[in-house]
Amino acid sequence: MEREISALYEPKRNNEIRIFESSDEMSTDLAEYISQVSEISVKERGYFAIALSGGSLVSFLGKLCEAPYNKTLDWSKWYIFWSDERAVAKNHAESNYKLTKEGFLSKVPILNGHVYSINDNATVEDAATDYEFVIRQLVKVRTIGVSESTDCPKFDLILLDMGSDGHVASLFCNHPALELKDDWVTYITDSPQPPPERITFTLPVINSASNIAIVATGDNKSESVHLAISDNADGPDSPSSLPARMVQPTDGKLVWFLDKAAASSLEAEKDAFEQHREY
């Protein structure tokens, strides 16, 4: 099925779609995918720089905390970042850091000094400036790679959770932050979903990554998945303004991890396409 779906959406360069029957299947495949990217990055660069996001994503990282990965991965080479964060204290229920710490970081031997959380003691504007400065320093010493095409940081992997409205990181539909070209990290004070103040990677940084994975589950995301992926998408919102659709790697590869429910609109279109072709 994955091959058939992908074939239908062939026009998107370096775009792979994986569809799973269950969350356990997805977790298993995602763990293997992350493991492979990690091993390649450590072998080629000596580091693995990964940016995480919030939402339900962390719940799918559990398999990495189990055998064989908890023993075989070179955790000492992992460097953890966040593609977005809510401007709340680290111990706040809405904190992506707290979610990741409890669900993942506390269960694997990643060095504390390799975990780069966002400053929760600064204003949202200063926190974004500080985080970009930290990333720039790490790019200078090549702990994080650099894109030859864009001069942006080239994270080895950026893991994104797509919202039901099609947002990724804290980049929302029709928001001015989508238009930023020179900033690596920015802030917003008017998120349509609480809390309103957030820090986020910009699209040029996301699109400069070597590997990008977008996870989407549930039938409430099926229409946004369809709008983000399909070349025949039409709807009340212009698909071109959907943040998830704007994730288009410059030189890297994008993989979609979808459950059956999130992929249902894609599959309906595939079925309609095949019926039409039969006629």
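## Close-up views of a predicted model

**View A. Helix 5 lies across two strands.** Welcome to this structure, which is a predicted model. Helix 5, made of residues 124–140, lies across strand 8 and strand 9. The helix runs at about 165° to strand 8.

**View B. Three strands make an open sheet.** Here you can follow 3 strands in the order 4-9-8, paired in an antiparallel way. Strand 4 (84–86) and strand 8 (185–188) stand at the edges with a single partner strand each, so one side of each is left without a neighbour in the sheet. From one strand to the next, the twist averages 15°.

**View C. Strand 4 meets strand 9.** Moving in on this pair, you will find 3 bridges joining strand 4 to strand 9, which covers residues 198–201. The two strands run antiparallel. To find your bearings, look for E85, which stands opposite I199 in strand 9.

**View D. Strand 2 pairs with strand 3.** Next comes a parallel pair: 5 bridges join strand 2 (residues 48–52) to strand 3. A handy landmark is F48, which stands opposite W78 in strand 3. As background, strands of a sheet pair through backbone hydrogen bonds, and they can be parallel or antiparallel.

**View E. Strand 3 is mostly covered.** Stay with strand 3, residues 78–82, and see that 5 of its 5 residues are buried. Which residues sit on each face of strand 3? On one side are W78, I80 and W82, while Y79 and F81 are on the other. Both faces are covered, and these residues are all buried.

Definitions and conventions. Residues are numbered from 1 along each chain as its sequence is written. This is a predicted model: local features need pLDDT of at least 70, side-chain atom pairs count only at pLDDT 80 or more; totals for chains, interfaces and linings use all residues. Side-chain values use heavy atoms; hydrogens and water are left out. Two strands pair if DSSP finds at least two bridges between them. Helices (H or I, at least four residues) and strands (E, at least two) are DSSP runs, numbered from the N terminus. Axes are lines fitted to C-alpha atoms, for helices over the stretch in contact, and angles run from 0 to 180 degrees between N-to-C directions. Contact means heavy atoms within 4.5 Å. Buried means under 20% relative accessible area, exposed over 50%, partly exposed in between (1.4 Å probe, protein chains only).
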